[in-house]
Structures are given as structure tokens and as C-alpha cells.
Protein chains: 2
Amino acid sequence: MAEDTNESAAPGLSRRGLLGLAGATLGAGMLGAGAGIALDRTVLATAGAGSGSAAVYAFHGDHQAGITTAAQDRLHFAAFDTAPDLDRAGLIELLKDWTVAAARMTQGESAGAAGPASGPLDAPPDDTGEALDLPPAGLTLTFGFGPTLFRTGDGVDRFGLASRRPAALVELPHFPGDALVESLTGGDLCVQACSDDPQVAVHAIRNLSRIAFGRASIRWSQLGFGRTSATTRAQVTPRNLFGFKDGTANIKAEDTTVVRDQVWAAESDGAAWMGGGSYLVARKIRMVIETWDRQQLGEQQRIIGRDKGEGAPLSGGTEFTEPNFLAVAPDGGTKIDPDSHVRLAHPSTNNGAQLLRRGYNFVDGNDELGRLNAGLFFIAFQRDPRKQFIPIQQRLARSDAMNEYLKHVGSAIFAVPPGARPGSYLGAGLFA
Amino acid sequence: MAEDTNESAAPGLSRRGLLGLAGATLGAGMLGAGAGIALDRTVLATAGAGSGSAAVYAFHGDHQAGITTAAQDRLHFAAFDTAPDLDRAGLIELLKDWTVAAARMTQGESAGAAGPASGPLDAPPDDTGEALDLPPAGLTLTFGFGPTLFRTGDGVDRFGLASRRPAALVELPHFPGDALVESLTGGDLCVQACSDDPQVAVHAIRNLSRIAFGRASIRWSQLGFGRTSATTRAQVTPRNLFGFKDGTANIKAEDTTVVRDQVWAAESDGAAWMGGGSYLVARKIRMVIETWDRQQLGEQQRIIGRDKGEGAPLSGGTEFTEPNFLAVAPDGGTKIDPDSHVRLAHPSTNNGAQLLRRGYNFVDGNDELGRLNAGLFFIAFQRDPRKQFIPIQQRLARSDAMNEYLKHVGSAIFAVPPGARPGSYLGAGLFA
């Protein structure tokens, strides 16, 4: 099981210096896919200023890292479009190049073997350099394939993949209230970079984009400064920009049965190459925080269905007490409003469907009225969006009392293949 | 002298829980303005997940914090415009309200006394709540006054301040190559929020904006994810998005004579109310990183004048070796190009003028061609921009070999008054 490795920084060790240590620890420990290793804190407790964490996550394995991995603090997410002239061989080559670079960077190495500063003077460096002195900082890179990768454009099956498209990789329907901006939707490929140091996440996306030059380019992207979910029991539940704890009832890595049943796709689900993979839904949700901030505390709590300080359900108890939707208030109604977010999103309202959420708070500057362009960049992993995200979101979009303060502006879905085997590449099963 | 308090996190302590500790330490120690206190690490080394630092900086004092304070890892900067109907009394009231809230938030308290979750249910909370469980994380809030605050619009001296404008608070001239975007320039007021946790910085700007509602609104704002300067000798020199170390030769807090002569305005400089204050210049500089990344390593190093790995000047030595601009290369030229950034920005090229830089790397999504909207949000503090930023930037804008990869899109200047005295408010001297 993934340990919580959001530990204190060891910035005195460079990415290269840490390699020896990481290698030694990797050799000594048992590493399941997506499992975290906490490097010896006494070894790493060297002096030095800076940020980041010494956590290192294995890149290869049954599953990609960055799903059940303890949610890192910062995000850089990018959706890519393939170049019009990219063919099947070129796509495979790109995935192989990305696999090599991702395996290196997640272990704290530079994107290329020469590195940013040690290659020939008469050639461009094979790494951009801004992470040179930074620790691995728990970097995970998680790759996905959008529906458009499988599409037959103008009747041509560009990549020869049309017949391999998983049935679960549907286009998301239009939800009531959606205000999607075309330039914030879709994408042939995606990369989710999560790290406890934002510069490490940005460095990874930048170098993957540089490697893709001429073959794929960023369609849209998003930085997230604060995680809004806990994905292990050891993690403190963080707060979203409504000021409430978010993700109290999230699927946790320790819930192994739920993870197996609701996060990982099985070979028997239809697309055998997706066995051990998952489906990622991303939604960029603007929050109208200025209006929210003028709302009464009682009304805020009614909308969420939990109290703001502790995060306990309004039916009583503490944060992790199960909500009692039947508990009656003195006025005769239920203590928890039927249209509250906690009730509408609860598994009991959704045939038991759950999501493993890994969203992040964002602020993209401000609008012309001086309001912060702020919100939640929602990311959820699941076994089948047709049974999980889509029906849950249809219910929320219809009735959630929170909708008045939300605007969904971006949206995408990706099939996240299983982890790469050493010597192979991401998505190899799709091309087999 | 400011200690480097970018220490490991103590996230197990809530903002409220930390208060007792911080208060005790504050009472026990001598606190100069802007001086950092490192809370007892053994007390704070509690278990828990999350990010941020337990550093707490004093708010009141001779100087505002956030200038010589060890540069925190993250930034949220906002320029505000005052409402058209705001008068002198209203401006003073706003500054008093901001002072109270800033004094609270920098000590890890909520913006208002009731807090986000403990006030009456039938009123909006006086804090938005997303920092409720986070440590103070070294938050500093630094306030400034733009030239427009002193302007007589339509012949009317709105705030009665026209005669108090410091001569050093000039409008910045147009520099060669400037490509300024109107909506990213100027502002009547500014707030620089720096913290080791971005959510703490965002929370502070959001709550100050909320408090200003109807009196001032955000004109433009910027998040920065990675510091590009060291302001104390204990700090590791960070890297900018060109992949090079930045700020090796920055003014450090320990350089007390230089700080006195080149950072702090003196009462005798002309505007007595600015004694102990400073002048902040902000420049939003887009970097054309995709083009830079395709440049040869040797050419990158020629442009900077330093080697990329160590950051040593090309004349030899290690990072902190003084560059020798006369050292001759085998080809007969100088080892350091005369148009290199290190030579043009060096004090010896600028009559000894220096800057205390506190800039941050930023990425604001991407453009329609898939290029990251990335760059450096440059912030510099100085005693007199007429003798420091302006002539230095004029020289750089004319000749810097780096210009091919830069585009200055945002620009502003602010007079940063001295620190507030306990019981008084920020900028009180201006209204005396």
C-alpha cells in the first residue's frame, strides 16, 4: 500500500545526488506499481533551503503512478493534440520517447541522458534545467488517450486504432448548466504531472512538450496549486476554495476492494489492453467565489451538507462519521438538505458508485471586474465513466444546491492505460 | 538579521493551534521589522501530511516584511484600483482594515476575529476558510502605493496626496522592446503575498480583496510558483525558466550596508513619510522558452555569461566568484561576452547600482500554438528607481543578448511605505 511520503524536503541533495540513494532504496524495497517509498529520513535530513519532498515513486508496474499515489500538493496537467501528419509509427515512437523521459524524470533524473548542462556546447541541451537542483518531490506522470485518438477522421483510421477503442471511453454528454469553452476541452493525449514542488511538475510537462515537438502540441493545460483530495488515510483532508474540506469520503488507497472494483479497469471489461488501467475525467470548474463569500455561513453549510470547521455531516458526529440523511431537524425537515452536495454525491444516492478524486484548486489571474478566476480543477479516476462520473454528474447538474456558484468551463475524458513494463512503453498493449 | 526559516512543515498544527506557540515565541524574542523567527523545531516537528512551513514573520516594525525576508517559495501579487467614489477618509479606512487583517493573517490567524466557521450562522463568515488548517507558512504581506494614487484626475486632488508624492515614484519610461499590455500595468495599490504554501498566499489576497469590496478591486494579479532569487546567504540560489541559476549576485539581507544604502529609502531622501520604505518595480516578462530550448548550450551560456550547471562566470571559478570581464579567451575576445546578461546587469556596469530582486517563475496556461505562457514575474526593491532599476533596465533593453527570448508585457511601480507601528496602520505617515 502506498505510504504517505509527503515528507519534509531534502533539498540539499541534487537530483543527481539523490539517484544513488533512490536506487539503493529501490533495490532494497518491494515496489508495487504506484507504491510510494519513503527514503530514509535520517539520511535525507540534510541542511538547506528550498521546497519539495524527497519522495520517489516507481514508474514501472501494473498500474500507472499518480492514481492511488498519495495526492501530491501541486499539479500541472496538459492535454495534447497530435500533429495532422503523425502516423501510427510516429505515435508509437512518441509514446516510447515519453516513456523513457518519464521514467527518468520521476526518479529525479534529467529528461535526457546528457542533462541540461553537461552535453556538447554546440547542441541544445536534452533537458531544460530548471529542476536541476530540485529533489524528485514525489513526481508522478500519468498518461492518457482521448477518444479522438481512436476516431476515424474523414473516414480514415489514422492510427489504425478505431477497433481498439474501449466502450467505456465515451464522449461525455452535455450536462445541464455546462458552459464549456471549446479550447478547454478534449485532447488526443494527456499528461497529469503531480509533485510536491510545482517547479518539478512544470519542468516535466515542459520537457514532454519539447520532446513531442512536431508530433504533438499542448491543446490546453492547467496548473493547480493546492490538492483538494486525500487519497490515503494518512493524508489530512484539504480544503477547496469554498473553504470546506473536500474529499472526506474519497476512495482511499487502503480501500483495496473498492479500488479493485471501482478504480482499475479489468481485462474482462471489454478492452483487454486496458486491464490495470483506469479512466480519467477532468473538469475545469470555475467557482463564483465572490458571491459565495457573501453567503451566510448557515446557507453555505446547508448547500454542502457539512459544517465548515470540522467537516462533519450536519446530521452530527465528526468528519468521518457517515451522514444520516434521515435525521430530522427541529423544523421537521431533514438535518441534511436533500439537495445538498454531500447527499447527491453520496454512493447511496448513486447505486454505490464512487470516484477516486484527485482535483486541485486553481487561480488563473482575474477577470476585468477584478474577480479572481478561481475554482477547482476536478480530476477523477474510475473503472467505467458510464456507471460512475456520468450518472453522478447528471444528478449533481440537475439538483445540486451548489450549482449557483459553479460554472463548468473545461471537460475531457481519457483512457489511462496500465503501467509500462520495464523495457516496454506506455500503451504498448494498444498497439500489440 | 533575518534567519532562513524555510524549514520543514509542521502541518499537524492548525493556524489556531499555532497561535499560542507563535505568541509565546514572539513575546520571548526581540523582533526587528522584517526579521524572521524560527519557531522551535523540536516543538513543531509533529507528524502530519501537507505542505508549508511553520515560519512566522513579525508584521509590525520599522520596515515591512517581505523585502529582506528570506524569499518564500510562492507568490500571489495583486495590483488594485480604488473605486471612483473612494475619498480620503475611505482610503484611510481601507488601509486600516487591511492592516488589521494583514497583521492577523501573517501570524496564522483568520482574516477576521470570528473566522471562517465560528461566527453566526446568519451572517457571511469574516474569513473564506481555505487556509483554516494550514500553518502560517512564512506569509508576508507587503503593501505599496502606485503613482496614480497621487495623481490629480481632472484637476481634482481626490485624496489630497498630490503634494506628498515622492520624487522617486516616477512613472517608468518606455524601454526599447517593451510590449506592454495595458491590463497588466499600473495600479493605485499593490499587495505582494509571499508564502511557502501557495494556498496561504492566495487566501490572503482573496481576503484582502473581499475586505476591499466596493472600495478597491483587483486590476491585475499574478501567481508565481517558484522563487527566482535568494535574499539571504543561507538560501540556495534557485533557477529561472531558462534553466539557469538566478540571483547569484542579488543583494542579501546580510549585506547590511548595501541594504541600508540601496534598499531602504531615508527620511532625508525627500519624502520623509517614506523613511524606512522602499520602491517596488514589477515587470511581467514572458520568456520564449520553446525557442530558447532549441538554442545550443554554448550559446545559452554566452548569453547569460555563466555556465548552466554551476552558475560560475565564464571567466572561471565557482558560483560566487566575481566575474572577470577582462579575461581573454583563446580566440582573442573576452571570455564573458560584453553583451551578456551578467555584464550588463553587473554593478560595475551600472555605477554601483544594485537591486534586491524577489522575482518568481510563472506559467499561465498556454497559447493557441501550444506554447506555455511562461516567464519571470520580476520584482525588485530599491531605494530610488531613478538611479537603480531605470538605468539598469535601459542598458539591458538596449543591448542584452537575452532580449531575443524576452517580452516585457506587464509593468508597474509602487512606493512601499515603512512598516506599520502597533496600533497604527500602513502608510499612516502619508496622511499625517
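Is Asp384(B), at 9% relative accessibility, to be counted as buried or exposed? Asp384(B) counts as buried, where buried denotes under 20% relative accessible area, exposed over 50%, and partly exposed in between (1.4 Å probe, protein chains only). The model is predicted: local features require pLDDT of at least 70, side-chain atom pairs count only at pLDDT 80 or more, and totals for chains, interfaces and linings use all residues. Residues are numbered from 1 along each chain as its sequence is written, chains are lettered from A and ligands numbered from 1 in the order in which they are written, and side-chain values use heavy atoms, with hydrogens and water left out.

Two copies of a chain are related by a rotation about an axis and a shift along it. Here, a turn of 180° and a shift of 0.0 Å along the axis lay chain A on chain B with an RMSD of 0.0 Å, superposition being by least squares on the C-alpha atoms of residues with pLDDT of at least 70 in both. This is the relation of a two-fold axis. Of the interface residues of chain A, 100% are also interface residues in chain B, so the copies meet through the same surface.

Salt bridges, defined by a side-chain nitrogen of Lys or Arg within 4 Å of a carboxyl oxygen of Asp or Glu, number 42 over all chains. In one of them, Asp384(B) pairs with Arg386(B), with the closest N and O atoms 2.8 Å apart; Arg386(B) is partly exposed, at a relative accessible area of 40%. Shared salt-bridge partners also join Asp81(A), Glu182(A) and Arg219(A) into one network.

A further salt bridge connects Asp178(B) and Arg283(B), whose closest N and O atoms are 2.7 Å apart. This pair links distant parts of the chain, 105 residues apart: Asp178(B) is in the loop between β4 (140-145) and β5 (189-195), and Arg283(B) is in strand β8 (residues 278-287) of chain B. The strands are DSSP runs (E, at least two residues), numbered from the N terminus, as are helices (H or I, at least four). Both Asp178(B) and Arg283(B) are buried.

Ile67(B) is placed in the loop between β2 (56-57) and β3 (74-82) of chain B and is buried, with a relative accessible area of 1%. Beyond its neighbours within four places in sequence, Ile67(B) is in contact with residues including Thr142(B), Trp264(B), Leu356(B) and Phe381(B), contact meaning heavy atoms within 4.5 Å.
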